[in-house]
Amino acid sequence: MRTLILSLLVVSSITAHATENVVPKSEWSAKSLRQALESRPTGDPLRGKDLNTQHMCASCHGKEGIAPTPNWPSVAGQLESYTFKMLLDYQSGARNEDNRANIMTAVVDMLSPQDMSDLASYYASLAAPDMSTTMPPPALVTKGDPQRLITPCASCHGLTGQGGIKGTPAIAGQSADTLKRALVFYQSGERQSDLYSVMRQATKRLTADEIDQLGYYYSAQN
Amino acid sequence: MISRRNFLGMALAAGAAGLLPLSARAATGKVVVIGGGVGGSTFAKYIKMNAPQIEVTIIEQNPIYIRPYGSSEVLNGHIQMSDLEVSYDALRNKYGVNVVVDKAIGLDADKRVVTTASGAKFDYDRLVVSPGIELLYNRIEGYSREIAETKAPSGWIPGSQTALLRDQIRNMRQGGTFLIVAPPNPYRCPPGPDERGALVAEWMQKYNPTGKVIITDPKNEFVTGQDMRLGWNRLYGYNVPADMREGMPALQQHSEAGIIDWIREVDGGRPLAIDAQKMQVETEQGFIKADVINVVPPMRAGKVATAFGLTDASGWCPVDPYTFESTLVSKVHVLGDSVSASPLPKSGFAANNEAKVAAYAIINLFAGREVEEPSWENTCYALAGKDYGFMVIGVYGMRDGKIANLPRPGFQTLDVSDTKHRLAAVYQQAWMKSFTEDSFL
C-alpha cells in the first residue's frame, strides 16, 4: 500500500509541472472532491433504477447498466463515488471532450444531486460486466515503465481493473472501445476530469499499440 | 457512353464492350442509377465499398444535392440554405462513382439502355431508379407550379421555394397568419408538415408573438401525432382536442388561443381550393385567410418512374422487397420515396436502408449467389422546438413474404421525462450529420 501511495505522489508532483498551464480553474482538488463526495445525498438504488429508464440512460448504458453495444460504456458495478463525480463533471462541463460528452451534459443538466446519487447507487448495486478470459496482464499493467515514468495501471485500477484504490473507477469488462477512447482523450488533454492530471500524465507517453493492448486487456477482465 | 478505366481494359481485352458476354463479367457488372438523392447515392457508395469492380454511374440533374431532410429548419433560421448542400465529390473521388449531370429521358428495357437529355446512352446490367417524389400541384384547385414558385410556395422539394417561403415568413406583418395546407397520405416525411408548423411557431414566439400558425389537414392523425401535440401544448399554447387526450399525460388547459392550431379532417380541415390572389384557402369548414400560405400538395413517385412505366395505379412503384426490383419492369430497381413498400415510410432513413438492401442484393445477383433475407430500420426525428424533439423508431423484416413491423426494445413512452425531448433534439442534430455522411461522404 505504501508503494502505491508513493507512486501516486510521484506522478502528482510531476504533473504539477507538466500541466501547469492547461489545468482549468474549476479543476478538482483532493479536498474539494472529498467534500463534494461526502456531502452528496444518500443514494436510493430503487429510485436510481427508475431514473435509469426515465432519463433514457438505459438506451445507451443498458437496463442493467451493461451497454448493449461497444459504442458506450457499461456502468454496472461502477464505484458509486466515481459515477457521481462523472455526473458532476458532465453537469459542470468539466467533461466535454467530444459529442458523447455533450450528450451527457444535455441529460445531466436536468438531474438534481439526489438523482445523480440515486443513479450512482443503482449502478453500484449491479454486478460488473463479466468478459473474463485468461489473458496475462501486459507489463504496463503490473510494472508500468519507470523509464517513461508510467505508473503501473494496477497500482490504482487493480490487476483485474476492479478499481476502488484511491477512488479510481472500475474498468474491468468495460468495452475496449470505451477504454481506448478514455486513454486517447486523456493523452490529448481533451479529457481533463482526472484528479491532478494523473491519467493525462500516465497516458502521455503511451504508444497507440499500447493503448490498444491496455484497452483489450482490461476489457477482458472480470 | 463513358467507360471507366478498368472497364476499358476489359473491353480492349475482349475486343468490344458491347460484345462482351455477360458470363465473362462473372461477379461484376454495370449499374446505372437515376437520381443522386439519398437512395441513389447510398446505393452507389455501398456498391463501390463492397464490390469496387462493379461499374456505377449516377445520372443526376443537379450538380449539388440539396437535402430535404431537416430543410424546414431553414424557415426559422436554425440553419441556412447553404447548409442543405451536399457535394458529390466524395462519391466521385473517394468511391469512384461516375456522377453525370444530365437528365434521363428514355428507357429501352429490352436492350437495357437509358437515354439522356444530352443524347448520351448508358447501357446497364441493372438499372436503379431513385427519383424521389413528384408534387402534384394541380390536384388542388387554384394551385399550380407557377403559384408555388411565386406566391404560395410548397418547399417540399427544397430549393428556391424554401428560400421564398423563409423570406415570406420573415417579412410577414406582425400578427399575421402562416397557413400550412397538409397533404393526404402517403407523402414524403410523415411528421414533416406538423414539425414545420412547430418550428415556425417557435420563430414567431420570438419575432412575431401575435402571429399565428394554422395547419389545415385532410387527415385526422399523423406520425408522431401524440408527441407533437404534447409539445405544442407545452410550448405554444395548443389545446389538445378532447377526443385525443386519452393516454396522454397531464395537459395544460390554455384559456386563450395559442400560436398554433391544427384543423383535422373531422373538424373540416380538408382543403378544397386555393386563391392566391385573395390569399385564402377554402376548406370544408370554411375560408381561411392567411398572410403566408404553404401548400404541401399530394404527391406520387418521381416523374421518371412514371415515364418509365414503373408505377401502378396508386402512382407509386411496386417492388420485390428482397431486391427492390420492380415487379413491372425486370432488371430495373426502384428505391426511396417512389417505392410502395409499406410499412416502410417515405423517409430518407428508409431510402438509405432500402439502398443498402438493393446494393447487397445486386452484388449477390452479379456473383450468382442467392439474395439474403433483408431487414430494415427507420428513425424519424422530429422537433417541436430547437431543444424539444422526439422520435419514432421502426424495425422491419420479412414475414409471410411481406415487409412487416418487428417488435423492438424501446424506452420511448410518451412522457417519460424532459430528458427524452432534450436528447431527441441533440440526436436529431447529430443524425443530420452522420446520416449525410453515411449516404454521401
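Reader: What makes strand 14 and strand 15 of chain B a pair?

Author: Two strands pair if DSSP finds at least two bridges between them. Strand 14 of chain B is joined to strand 15 (residues 280-283) of chain B by four bridges, so the definition is met. The two strands run antiparallel, and B:Asp275 stands opposite B:Gln280 in strand 15 of chain B. Helices (H or I, at least four residues) and strands (E, at least two) are DSSP runs numbered from the N terminus.

Reader: Where does all this come from?

Author: This is a predicted model, in which local features need pLDDT of at least 70 and side-chain atom pairs count only at pLDDT 80 or more, while totals for chains, interfaces and linings use all residues. Residues are numbered from 1 along each chain as its sequence is written, chains are lettered from A and ligands numbered from 1 in the order in which they are written, and side-chain values use heavy atoms, with hydrogens and water left out.

Reader: Which strands stand at the edges of the sheet with the order 14-15-16?

Author: That open sheet of three strands in chain B has antiparallel pairing. Strand 14 (271-275) and strand 16 (286-289) of chain B each have a single partner strand, so each has one side without a neighbour in the sheet. On average, neighbouring strands here are turned by 20° against each other, direction ignored.

Reader: How do you know that strand 24 and strand 25 of chain B pair?

Author: Count the bridges again: there are five, in the antiparallel sense. B:Arg399 stands opposite B:Lys402 in strand 25 of chain B. These strands belong to an open sheet in the order 23-24-25 of chain B, with antiparallel pairing. Strand 23 (375-385) and strand 25 of chain B are at the edges; each has a single partner strand, so one side of each lacks a neighbour in the sheet. The twist in this sheet averages 30° from one strand to the next.

Reader: Why is B:Asp400 called exposed or buried?

Author: Buried means under 20% relative accessible area, exposed over 50%, and partly exposed in between (1.4 Å probe, protein chains only). B:Asp400 has a relative accessible area of 82%, so it is exposed. It sits in the loop between strand 24 (388-399) and strand 25 (402-406) of chain B, and its phi is near 50°, a positive value in a residue other than glycine.

Reader: What about B:Arg112?

Author: B:Arg112 has 24% relative accessibility, so it counts as partly exposed. Its phi is near 60°, again positive in a residue other than glycine, and its loop runs between strand 6 (104-108) and strand 7 (113-116) of chain B.

Reader: Why is B:Leu199 called what it is, buried or exposed?

Author: Its relative accessibility is 0%, so B:Leu199 counts as buried. You'll find it in helix 6 (residues 192-207) of chain B. Contact means heavy atoms within 4.5 Å; leaving out residues up to four places away in sequence, B:Leu199 touches B:Ser72, B:Glu73, B:Asn76, B:His78 and B:Leu383.

Reader: What makes a set of residues a nonpolar core?

Author: They are buried Ala, Val, Leu, Ile, Met, Phe, Trp, Tyr and Cys residues joined through side-chain atoms within 4.5 Å. The largest such core has 119 residues, and B:Phe324 and B:Trp232 are among those with the most contacts inside it. Helix 9 (residues 348-366) of chain B gives the most to this core, with nine residues. Domain 1 (4-134 + 300-375) and domain 2 (137-295) of chain B both contribute, so the core lies between them; the domain bounds come from an automatic or database domain assignment. A second, separate core has 22 residues, including A:Leu111 and A:Tyr122.

Reader: How do you know which parts of chain A the predictor trusts?

Author: Look at pLDDT, the predictor's confidence in each residue, from 0 to 100. Among the elements of chain A, helix 1 (residues 2-18) of chain A has the lowest mean, 40, and helix 7 (residues 113-125) of chain A the highest, 97. Over residues 1-25 of chain A, pLDDT stays under 50. The mean for chain A is 85, and for chain B it is 93.

Technical notes
Axes are lines fitted to C-alpha atoms, for helices over the stretch in contact, and angles run from 0 to 180 degrees between N-to-C directions.
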